Amino acid sequence: MEFGSVSAAHGSVESGTMAGVGKCILVTGPPGFFSQEIRQGGERVGFEVVTLDGRRARLASSTISNPESRQWPAVGKYKVDIASFESLVLPELKIREDTGLFIVDEVGKMELFSSYFFPAILNILQSNIPLLATVPIPKFGKDIPAVVRLKNHPGATILTLDKSNRDAMKDRIYPQLAGMLLKP
């Protein structure tokens with residue numbers, strides 16, 4: 001999972017306004033997104049978050065067993081290390097004057113165990129700085145409420161990737177992002 005912000009090349013950032021139409025691109029689809037897995041002996045034992053400059057922190061693990069981890073929320077066999085996640089990700093999601101784009105992979109169940117993560121995402125939307133994020137597809141027909149809220153945001157464009165369109169989709173996403181970055 002990757003998180004980060006990209007500095008603006010030019011233009012100013014308006015604070016306090018809702019993201020305009022097309023200021024939020026949400027990418028979804030079946031599993032197959034790039035994510036950083038933690039593997040031991042060929043088996044996936046966890047996930048880590050990675051910033052755009054390469055810093056890493058644990059998101060979740062199936063191999064940690066200490067008194068503290070027993071209190072962590074779980075998704076399947078993975079215990080979510082909220083403190084580790086927040087220590088790396090939350091500073092990356094702060095609004096800065098030189099930020100031109102936020103990239104978040106992903107707004108998912110594990111990440112949403114952080115009570116500060118989704119408010120940070122909403123703050124980005126209110127800042128009018130473009131957001132490119134991945135969101136999971138609904139499981140068993142049920143979507144995560146926070147993901148539904150993002151999908152229903154007036155500035156959101158939802159793009160669904162699959163094996164047949166994923167290569168062509170980059171030709172659709174790139175011009176949209178470029179247009180967002182050029183607008184003040």
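## Close-up views of a predicted model

**View 1. Helix α4, end to end.** Helix α4 takes in residues 166-182, and its 17 residues reach 25 Å from the first C-alpha to the last, close to the 24 Å expected at 1.5 Å a residue. That expected span is 1.5 Å times one less than the number of residues in the helix. Helices here are DSSP runs of H or I with at least four residues, strands are runs of E with at least two, and both are numbered from the N terminus. Before you look further, note that this is a predicted model: local features need pLDDT of at least 70, side-chain atom pairs count only at pLDDT 80 or more, and totals for chains, interfaces and linings use all residues. Residues are numbered from 1 along each chain as its sequence is written, and side-chain values use heavy atoms, with hydrogens and water left out.

**View 2. The two sides of α4.** Met169, Ile173, Leu177 and Met180 are the ones to find here: they are buried in α4. Seen down the helix axis, the buried residues of α4 fall within an arc of 60°, so they line one face; the arc is that of the directions from the axis to the C-beta atoms. Buried means under 20% relative accessible area, exposed means over 50%, and partly exposed is in between (1.4 Å probe, protein chains only). Turned away from the buried side is a face carrying the exposed residues Asp167, Ala168, Asp171, Tyr174 and Leu182. Here's a handy bit of helix geometry: an α-helix has 3.6 residues a turn, so residues three or four places apart point the same way.

**View 3. What sits over α4, and a look at Met169.** The cover over the buried residues of α4 includes the strands β2 (24-28), β8 (99-105), β9 (131-134) and β10 (156-160). Zoom in on Met169, which lies in this helix and counts as buried at 9% relative accessibility. Leaving aside neighbours within four places in sequence, Met169 is in contact with Leu159, Thr160 and Leu161, where contact means heavy atoms within 4.5 Å. Val27 is 142 residues from Met169 in sequence, yet the two C-alpha atoms are 9.8 Å apart in space.

**View 4. Helix α2, mostly covered.** Helix α2 spans residues 117-127, and eight of its eleven residues are buried. They are Phe117, Phe118, Ala120, Ile121, Leu122, Ile124, Leu125 and Ser127. Just after α2 comes Asn128, with a positive phi near 75°. Take Phe118, one of the residues of α2: its relative accessible area is 11%, so it counts as buried. Beyond its neighbours within four places in sequence, Phe118 is in contact with Leu112, Ala146, Arg149 and Leu150. Ala146 is 28 residues away from Phe118 in sequence, while their C-alpha atoms are 7.4 Å apart.

**View 5. Two nonpolar cores.** The largest nonpolar core has 32 residues, and Leu93, Val107, Ile121 and Leu131 have the most contacts inside it. Helix α2 gives the largest share of this core, seven residues. A nonpolar core is a set of buried Ala, Val, Leu, Ile, Met, Phe, Trp, Tyr and Cys residues joined through side-chain atoms within 4.5 Å. Setting aside neighbours within four places in sequence, Leu93 is in contact with Phe102, Val104, Phe117, Ala120, Ile121 and Ile124. Apart from the largest core lies another, of ten residues, among them Leu101, Leu132, Leu161 and Ile173.

**View 6. Salt bridges.** A salt bridge is a side-chain nitrogen of Lys or Arg within 4 Å of a carboxyl oxygen of Asp or Glu, and the count comes to eight. Glu37 and Arg39 make one, with their closest N and O atoms 2.9 Å apart. Glu37 is partly exposed at 29% relative accessibility, and Arg39 is partly exposed at 48%. Asp53 pairs with Arg55 in another, where the closest N and O atoms are 3.1 Å apart. Of these partners, Asp53 is exposed at 55% relative accessibility, whereas Arg55 is partly exposed at 37%. Salt bridges that share partners also join Glu37, Arg39 and Arg44 into one network.

**View 7. Stepping back to the whole chain.** The chain has four helices and ten strands. Buried residues make up 44% of its 184 residues. Among contacts between residues at least 6 apart in sequence, 71% join residues at least 24 apart.
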